[in-house]
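The following exercises concern a ligand and the space around it. Work through each task before reading its solution.

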Amino acid sequence: MEVVIVDSPQAGAELVGGGIAALLNSNPYSVLGLATGSTPLPVYDDLARRYDAGEVSFARARGFALDEYVGLPADHPESYRAVLDREIVGRVDFPTGAVQTPDGWSADPAAACLAYDAAIAAAGGIDLQLLGVGTDGHIGFNEPTSSLASPTRIKTLTEQTREDNARFFDDDISQVPHHVLTQGIGTILRARHLVLLAWGGNKAQAVAATVEGPVTGMVPSSALQLHPHATVVVDEPAAEALTLSDYYRHVFSNKPDWQGL
Ligand code: F6R
């Protein structure tokens, strides 16, 4: 696992946005795994800026969201389908229908989850999966004690996650759904490159447990230690509980240019 400590979320976004642009420029048919929440927003701003500058195109790319709420009205502005349309899909040249989300409105959620994993496989798998991390170590919405081999499935959010996400729902936890469809940890681990981002001191414990703790279903993000190509990009406050931060800085400052993101 590579750990990159950056000065600010903007610096991290530039690094990751540059890596995604390089990927698309070398393979325009790349398949991107797209996270929601607040963490990836600076990356989406960076990608929209690069698109406006003519540096990158998404015209042949495809995307898959990590997760979707269950039970929101179809036109709710905080559904992850709506969030992705607003924050990235509608700002660049992704063709209509090129970015899918799990069908949180399906009458048969189990079938929708099976279909989602099948659609990812049919697309050739995900080349680069963006991830945020919850304060409890969730990735996607795989809450603690999730199976490290899990497929896409329905999950029940912890009350901590519902409290954390109430800020997107008028600070009213009663509006935050209890259920989600989420790519499983097994699904996430099949992506060819995992890029986990974390900003701010409230993620410091989760970041330390992800990188330096034991691999355990109690910290779903620790599953990144099982992946052959995982990059963790954190700002200084999110890095503050890491014990080997001097080593991570040393590695990054000696990184050969040809390695890319
Ligand atoms: C979002 C997702 C979640 C978030 C996590 C952090 O698609 O799957 O794992 O990445 O809850 O949320 P933020 O970024 O809002 O702190």
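A polar contact is a pair of N or O atoms within 3.5 Å; within protein, one must be able to donate a hydrogen and the other to accept it, and residues adjacent in sequence count only if both atoms are side-chain atoms. The model is predicted: local features need pLDDT of at least 70, side-chain atom pairs count only at pLDDT 80 or more, and totals for chains, interfaces and linings use all residues. Residues are numbered from 1 along each chain as its sequence is written, and side-chain values use heavy atoms, with hydrogens and water left out.

**Exercise 1.** Identify polar side-chain contacts to oxygen atoms of the ligand, and state how much of the ligand the protein buries.

*Solution.* Begin with His138, which places a polar side-chain atom 2.6 Å from a ligand oxygen. Next, the side chain of Thr36 has an N or O atom 2.7 Å from an oxygen atom of the ligand. For Arg167, the corresponding distance from a side-chain N or O atom to a ligand oxygen is 2.8 Å. Finally, the ligand taken alone exposes 410 Å², of which the protein buries 95% (accessible areas by the Shrake-Rupley method with a 1.4 Å probe).

**Exercise 2.** Describe the residues around the ligand by class.

*Solution.* The shell around the ligand holds four nonpolar, eight polar and three charged residues. In this scheme Ala, Val, Leu, Ile, Met, Phe, Trp, Tyr, Cys and Pro count as nonpolar, Asp, Glu, Lys and Arg as charged, and the others, Gly among them, as polar. By the same classes, the lining of the largest pocket has nine nonpolar, twelve polar and four charged residues.
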